[in-house]
Amino acid sequence: MTVTILGLGYIGLPTGSMLALAGHEVNGYDVSADVRARLRAGAGHIAELEVRTLVAQALATGKLRIVDDVTPADAYLVCVPTPNASDGRPDLSYVQAAAKAIAARLRGGELIVLESTVPPGTLERIFVPALRAAGIDPDSVALAHCPERVIPGAIVRELRENSRIIGGRRPQDAKRARALYASFVTGGLFETDATTAELVKVVENTFRDVNIALANELAVLCEELGVDAWEVIRLANEHPRVNILSPGPGVGGHCIPIDPQFLADAHPFTTELIQTARRVNARMPNHIVRLVRDHVPSGERRKIALLGASYKADVDDSRESPTERLVALFEEHGYEVAVYDPIARGFKHGLCPDLESAAQDAEAIVLVVNHAIFATIEPERVGALMRGRVLVDARNFFDAEKWRRAGFLVAALGKRAARALGPTYQHAAL
Ligand code: SAJ
């Protein structure tokens, strides 16, 4: 088949490469001329090594070509972003533009698959009218939603092995899409209707957000109770039907904090739990600042060193990272902030070139992201550069005893010594 991919990001590029390696003739198109130029020069813009290798292999076969326009093909795969606009509503303008561009090139009989995560009903609301507006009968083509499900950090393996939900506008459309995915997916292929597939994808990420919110609420509760939340979660998870995720400084990335809002935005009165979970997670940076304020007075331009700027461990992506919010909050409270991250790219507030410059004269270190490389940090060496010796560990990552031996006061999120009697507890006592 000839396949044109619209959007050469974390999903479109590796998916196009997989299809090319499976024998399809793939045209890769991205609106960014810079992305196209870099790919043509052989330097992909995705950091993950396995993705870079896969893309290089696909380009070398000549079956993946980078094109400057949406090239007519037998099948179109839409892998464009669907971020939240500044008003919090989903920004579907990229999807809309893709639908319009494809509609203008259709001759009839093509397969169109939307992979981008979208609010339920989007295929019907955006693609069908776009086809009609271009004079195309939607029944003359196959339309499907097949949401991407890969986790950054293991993209290539998950692209091949994860099962896929194939939502057809009509059952025959799902069958057409299924045949395309069967050429490179080893996981199960489950056919359903398009709106169900759209909801399944958003629900998966919402489930994770709600689960993390429970862990985060537990962390704060455990600080009030004087109990170790990490031990509570570990022991509760020994139950065969319990699987609580980990607390942290907030939920970042361009998926988990955004997708639940697709539902909340369209159904504000029937998504109470989902909205509460969002608020619990969005408040976590405030809680981390509070842990620091317990030990370092605010308002005096005291320096706080933050470790980690990406949205999660061992990835370079810093979009919607909790560190962004933390920097703003610390500055609001009158602290000076320095951020060190040897992996992250594109962090808005800038990064220190090395750990030493971040730690120099700092009053406290806050571990925000649990990058594996941070385990090599020597508390003695870092402590020698600092003015104070406070460590706030928002991921329960460091060996607290080792840091204490180096003279640090250690406060970890969700650990008993962090907060003896919180406001809720005092209220209950009254
Ligand atoms: N996080 C926690 N505690 C945890 C797990 C994660 O605080 O126990 C935080 C992370 O630190 C990070 C955020 O949540 O800030 C999101 O990280 P993640 O690893 O949970 O998810 P993503 O955004 O990297 O990828 C998710 C995945 N969805 C699910 O696992 C249901 C992935 O499969 C999706 O393809 C991806 O969203 C997407 O593109 O939608």
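This is a short talk between a biologist and a modeller about a predicted protein model and its ligand.

Modeller: The model is predicted, so local features need pLDDT of at least 70, side-chain atom pairs count only at pLDDT 80 or more, and totals for chains, interfaces and linings use all residues. Residues are numbered from 1 along each chain as its sequence is written, and side-chain values use heavy atoms, with hydrogens and water left out.

Biologist: What makes a residue count as near the ligand?

Modeller: One of its heavy atoms must lie within 4 Å of the molecule. The ligand has 20 residues around it. Glu 148, Val 150, Lys 201, Arg 208 and Tyr 311 come nearest.

Biologist: How do you know that Lys 201 makes a polar contact with the ligand?

Modeller: A polar contact is a pair of N or O atoms within 3.5 Å; within protein, one must be able to donate a hydrogen and the other to accept it, and residues adjacent in sequence count only if both atoms are side-chain atoms. A polar side-chain atom of Lys 201 is 2.6 Å from a ligand oxygen atom, so the pair qualifies. Val 150 uses a polar backbone atom, 2.7 Å from an oxygen atom of the ligand. Ser 246 also uses a polar backbone atom, 2.8 Å from a nitrogen atom of the ligand. The ligand alone exposes 770 Å², and the protein buries 88% of that (Shrake-Rupley method, 1.4 Å probe; for residues, only the protein chains shown count as cover).

Biologist: What classes of residue make up the shell around the ligand?

Modeller: The shell has 9 nonpolar, 4 polar and 7 charged residues. Ala, Val, Leu, Ile, Met, Phe, Trp, Tyr, Cys and Pro count as nonpolar; Asp, Glu, Lys and Arg as charged; the others, Gly among them, as polar.

Biologist: Why is the ligand said to lie between the domains?

Modeller: Domain 1 (2-200) and domain 2 (217-412) both give residues to the shell, so the ligand lies between them. The bounds come from an automatic or database domain assignment. The domain centres, taken over C-alpha atoms, are 34 Å apart. Domain 1 gives 18 residues to the contact (heavy atoms within 4.5 Å), and domain 2 gives 13 residues.

Biologist: Why is Asn 211 called buried?

Modeller: Buried means under 20% relative accessible area, exposed over 50%, partly exposed in between (1.4 Å probe, protein chains only). Asn 211 has 10%, so it is buried. Asn 211 sits in helix H8 (residues 194-225). Helices (H or I, at least four residues) and strands (E, at least two) are DSSP runs, numbered from the N terminus. A polar side-chain atom of Asn 211 lies 2.9 Å from the backbone oxygen of Asn 243.

Biologist: What makes Gly 28 buried?

Modeller: Its relative accessible area is 0%, which is under 20%, so Gly 28 is buried. Gly 28 belongs to strand E2 (residues 25-29). Beyond neighbours within four places in sequence, Gly 28 is in contact with residues including Ile 5, Leu 8 and Leu 64.

Biologist: Why is Arg 301 called exposed?

Modeller: Arg 301 has 52% relative accessibility, which is over 50%, so it counts as exposed. Arg 301 lies in the loop between helix H12 (284-293) and strand E9 (303-307). Its phi is near 55 degrees, a positive value in a residue other than glycine.

Biologist: What makes Glu 320 partly exposed?

Modeller: Glu 320 has a relative accessible area of 40%, between the 20% and 50% limits, so it is partly exposed. Glu 320 is in the loop between E9 and helix H13 (322-332).
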